[in-house]
Every structure is written in structure tokens, then in C-alpha cells.
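Visitor: Could you walk me through this one, a bit at a time?

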Amino acid sequence: MIEPGKGTASNTLHPWGRAGAVPLTVGVEEEFLLVDARTFKVVPAAPLVLDTAGGSTPRLHAEGTRYQVEISTPVADSAGTLRAQLAALRRGLADAARAHGCRLLASPSPVVALDGPLHLTDDEPRQREQHRRFGALTDTLVGCGRHIHIGTLDVDSAVAVANRVRPWLPTLIALAANSPFWQGRDTGHASWRAMAWSAWPSAGLPPHFTSTAHYRRSVQALLGSGAALDTKMVYWDLRPSGNWPTLEIRAPDMSPGIETAVLQAELARALVATALREIAEQHPAKEARDDVLRLARWRAAHDGLEGFGLDPYTGAELPAADLAEALLDHVGPELAATGDLDHAAATLTALLRDGSGAHRQRAAFARRHDLTDVLRHLADETEAL
């Protein structure tokens with residue numbers, strides 16, 4: 001593992017890119033649930049909360065259901081800027097939620113079963129058509145993720161980079177695992193959201209693309225088969241964004257801690273930078289078989305950070321902590337170049353010491369075997385800004 005303290009950036013380096021290179025930027029989308037402050041049951045209060053927070057704007061907006069709200073950060077060129085943006089946007093939403101007797105929950109799942117019918121975003125005809133076509137699959141829309149956009153990349157570059165980032169998706173899932181409880185029970189998985197979301201025919205691991213044309217054919221196959229209504233429904237864990245000149249990493253669960261969010265952004269940016277450097281230097285990409293990656297993804301979702309995972313290239317079983325440190329080593333030179341290595345290493349060390357979000361949820365439940373304690377724990381962590 002690369003040691004903290006060895007990555008001080010030169011003043012000639014851009015905060016998110018090497019000197020002389022086009023700097024890489026990051027933007028983050030975070031989805032939250034709204035729960036009643038007394039009962040901790042999800043409530044369809046998104047329209048009220050968003051109106052109080054300033055209305056639906058490019059930074060604050062509705063999600064797939066009226067139980068959810070989403071923030072979108074401006075483009076950031078440094079980890080410090082991103083941290084400040086996330087804190088300000090979260091604080092605004094938490095204050096607005098409190099004004100309506102709600103609390104903000106950075107939870108990938110509602111933990112307990114919903115009362116009554118699913119409240120979709122009722123001013124969005126697309127959501128109604130989605131529900132009509134996909135039926136019970138839309139129940140999984142009441143789940144929250146964190147989407148990280150790394151740019152600026154044209155589609156050709158994003159496709160080429162995606163192939164090299166793809167083997168690390170299981171490790172990113174393990175690092176963010178935060179959904180052990182779903183519909184009132186322990187699922188036996190650290191990230192049940194990763195498994196539930198995979199039920200969508202347009203979700204899960206993306207293919208390994210042989211070219212940009214291959215990527216476009218794969219998207220058209222989803223549309224032509226009826227597996228996706230439109231390109232917004234390309235739910236792969238990793239994809240060139242349909243709206244921005246970015247590569248979008250969609251695999252991680254939503255998790256409460258801002259430092260963990262910044263770590264994921266740092267790792268994502270460094271993965272992209274590493275891939276771009278390897279491509280520029282004509283390093284051959286290491287091959288990761290699809291069958292091994294599918295198993296590695298499941299094992300990451302099952303065990304999270306506390307158990308074991310699979311080496312994405314060999315399939316060998318290894319402690320998940322070792323795989324996380326291998327990721328840090330892999331992108332260490334890029335983290336060092338941007339001055340982010342110390343923060344990334346320290347945050348990962350704290351995560352390994354204190355446990356993943358899934359581990360902390362189970363610890364909260366173990367005290368009294370009451371899921372309300374889990375929800376209160378999530379709300380407290382979310383609002384600890």
C-alpha cells in the first residue's frame with residue numbers, strides 16, 4: 001500500500017490533473033430518502049421539501065419517487081471544493097426537510113417496508129410509462145445511489161477508459177456498501193441495492209466494448225428490445241453520460257459520510273486519470289473475464305468491506321480490505337499528483353477501522369434489534385455535517 005505522506009503535490013499541478021494535461025473535473029449526484037422525524041417511515045414529501053429548499057433547480061431536484069430528493073454538485077476541480085459543495089447542498093436539504101417534520105436519510109433503501117402504494121413522481125409521464133412496462137421492478141426505484149461524473153471526456157475516450165475502470169467496480173461497491181436491510185429484514189448482503197438494481201435488464205456491469213460503435217450498438221439493443229425506454233434508462237454501473245461529456249460511475253450505494261463521498265470521487269477521478277495515462281503510453285489493458293467480474297460483483301455486494309472479495313483478474317478469493325488497498329496502490333501515483341493521496345489513504349484507513357456503512361447499520365440494529373435504531377443512526381450520520 002502507498003504510504004500517506006508520500007503524495008504532496010507540486011504547486012505546478014492542477015488540483016485534479018497533471019501539469020500540462022487537460023485537467024479532470026468531478027461532479028457528484030446524491031440521492032436521499034425523506035422520512036418522518038418521529039416514525040422514521042418514508043413520506044412522499046419531496047415536492048414540499050424541494051419548494052422550501054428553493055424549488056427544483058439544477059442543484060436540487062426530484063428523483064423517481066416522491067420519497068426522494070437529489071442534489072447535483074457544480075463541476076469541481078478539487079477535493080476541497082467538492083467537500084464544501086456537498087456540505088452546503090446537504091445542509092440546505094436537511095433544513096428544508098426539518099421544516100416539514102422530516103429527516104434526510106442517506107440510505108440506499110427504505111429499510112422498512114413501505115406503507116400503501118408506491119408514490120411515483122406524478123408530474124412525470126415517463127415514470128408512469130416505466131411503471132406500466134416494468135411493473136414490480138419499479139419498487140426498486142425507492143433506492144438511492146451516488147453517481148460520480150468524471151470529465152471532460154468525449155465518447156470515444158469515455159468508452160476506452162470504461163474498459164479499464166470496469167474491473168474495479170466490485171471494489172467500489174464493497175467500499176460503499178450501505179444497504180443490508182430491505183423491506184424490514186436483513187438481506188444477508190452488505191449492498192442489497194446492488195443486487196436489487198441488477199434485476200433491471202439495462203443495469204449491472206457494462207459489456208467490455210471493442211469500439212465506440214460496439215457501445216452504440218449495445219445501447220440500441222437495449223432500446224430496441226424494450227429493456228429501456230430511452231437512454232436515461234441505461235443503468236449500467238459505468239457508462240458515458242447521456243447528458244454530459246463525462247464518464248459516470250453509478251455502482252456505489254449512497255452513504256452518509258461526506259469524507260467517504262469525497263474518497264469515492266478521488267478514487268473515481270484517479271481511476272480515469274490512470275486509464276488515460278495507460279492509453280497514452282500504449283500500455284495493454286489487463287483482461288478481466290466477464291464471468292469472473294460478475295462473480296466479483298456479487299461477492300462485493302454480499303460481503304462488503306468486512307469479508308472477502310474476488311480478484312477481478314484471477315478470481316482468487318482475497319480479503320476485501322486487501323482489494324481496497326490494491327485499488328489505492330493502483331491509482332496512488334495519480335492521487336499523489338493531485339495532492340489527494342493523504343486524504344484518500346486516511347479515509348480508507350478510518351473506513352477499515354470503523355467499518356462500512358453496512359457494518360455500522362448492523363451494529364445499530366444489534367443493540368436492541370429495532371430497525372428504528374438503524375434509521376435514526378442513518379439520519380444522525382447524514383445530518384452530521
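Here is a short chat about cores, helices, cysteines and backbone oddities.

Visitor: What kind of model is this, and how are the residues numbered?
Guide: This is a predicted model, where local features need pLDDT of at least 70, side-chain atom pairs count only at pLDDT 80 or more, and totals for chains, interfaces and linings use all residues. Side-chain values use heavy atoms, with hydrogens and water left out, and residues are numbered from 1 along each chain as its sequence is written.

Visitor: Which helix gives the most to the largest nonpolar core?
Guide: A nonpolar core here is a set of buried Ala, Val, Leu, Ile, Met, Phe, Trp, Tyr and Cys residues joined through side-chain atoms within 4.5 Å. Buried means under 20% relative accessible area, exposed over 50%, and partly exposed in between (1.4 Å probe, protein chains only). The largest such core has 89 residues, and those with the most contacts inside it are L34, L93, L175 and L267. With 12 residues, the top contributor is helix α8 (residues 258-280).

Visitor: Which residues does L267 touch, leaving out those up to four places away in sequence?
Guide: Contact means heavy atoms within 4.5 Å. Leaving out those sequence neighbours, the partners of L267 are L172, L175, L327, L328, V331 and L335.

Visitor: How many residues does the second, separate core have?
Guide: Its members include L120, W197, A203 and V219. The count for this second core is 17 residues.

Visitor: How many of the residues of α8 are buried?
Guide: Helices (H or I, at least four residues) and strands (E, at least two) are DSSP runs, numbered from the N terminus. α8 reaches 33 Å from its first C-alpha to its last, close to the 33 Å expected at 1.5 Å a residue, the expected span being 1.5 Å times one less than the number of residues. The helix is mostly covered, and its buried count is 18 of 23 residues.

Visitor: Is E278 buried or exposed?
Guide: E278 is found in helix α8. It touches R164, H283 and H330, not counting residues up to four places away in sequence. Because its relative accessible area is 18%, E278 is buried.

Visitor: How does α4 lie relative to α8?
Guide: The axes of helix α4 (residues 155-165) and α8 come within 9 Å and cross at roughly 110 degrees; axes are lines fitted to C-alpha atoms, for helices over the stretch in contact, with angles from 0 to 180 degrees between N-to-C directions. The contact is made by A160, V161, R164 and V165 of α4 and L271, V272, A275, L276, E278 and I279 of α8. Angles under 35 degrees count as roughly parallel, over 145 as roughly antiparallel, 65 to 115 as roughly perpendicular and the rest as oblique. So α4 is, relative to α8, roughly perpendicular.

Visitor: What covers the buried residues of α11?
Guide: Helix α11 (residues 341-354) has 14 residues and reaches 20 Å from its first C-alpha to its last. Its buried residues are L341, H343, A344, A345, T347, L348 and L351. Their cover includes α2 (79-99), α5 (169-176), α8, α10 (320-337) and α12 (357-368).

Visitor: How many disulfides does the structure hold?
Guide: A disulfide is a pair of cysteine sulfur atoms within 2.5 Å. For C144, the closest cysteine sulfur is in C102, 14 Å away, so that is too far for a bond. Both are tucked away, as C102 counts as buried at 6% relative accessibility and C144 does so at 0%. The number of disulfides is zero.

Visitor: Which residues does P167 touch, not counting those up to four places away in sequence?
Guide: P167 lies in the loop between α4 and α5, and at 3% relative accessible area it is buried. Its partners, sequence neighbours aside, are A288, L293, P312 and Y313.

Visitor: Where is the residue T152, which follows G151 across a cis peptide bond?
Guide: Most residues other than glycine have a negative phi, and most peptide bonds are trans. From G151 to T152, though, the bond is cis, with omega near 0 degrees. T152 is found in the loop between β5 (146-151) and α4.

Visitor: What is the phi of H369?
Guide: H369 lies in the loop between α12 and α13 (371-382). It counts as exposed, at 59% relative accessibility. Although H369 is not a glycine, its phi is positive, about 55 degrees.
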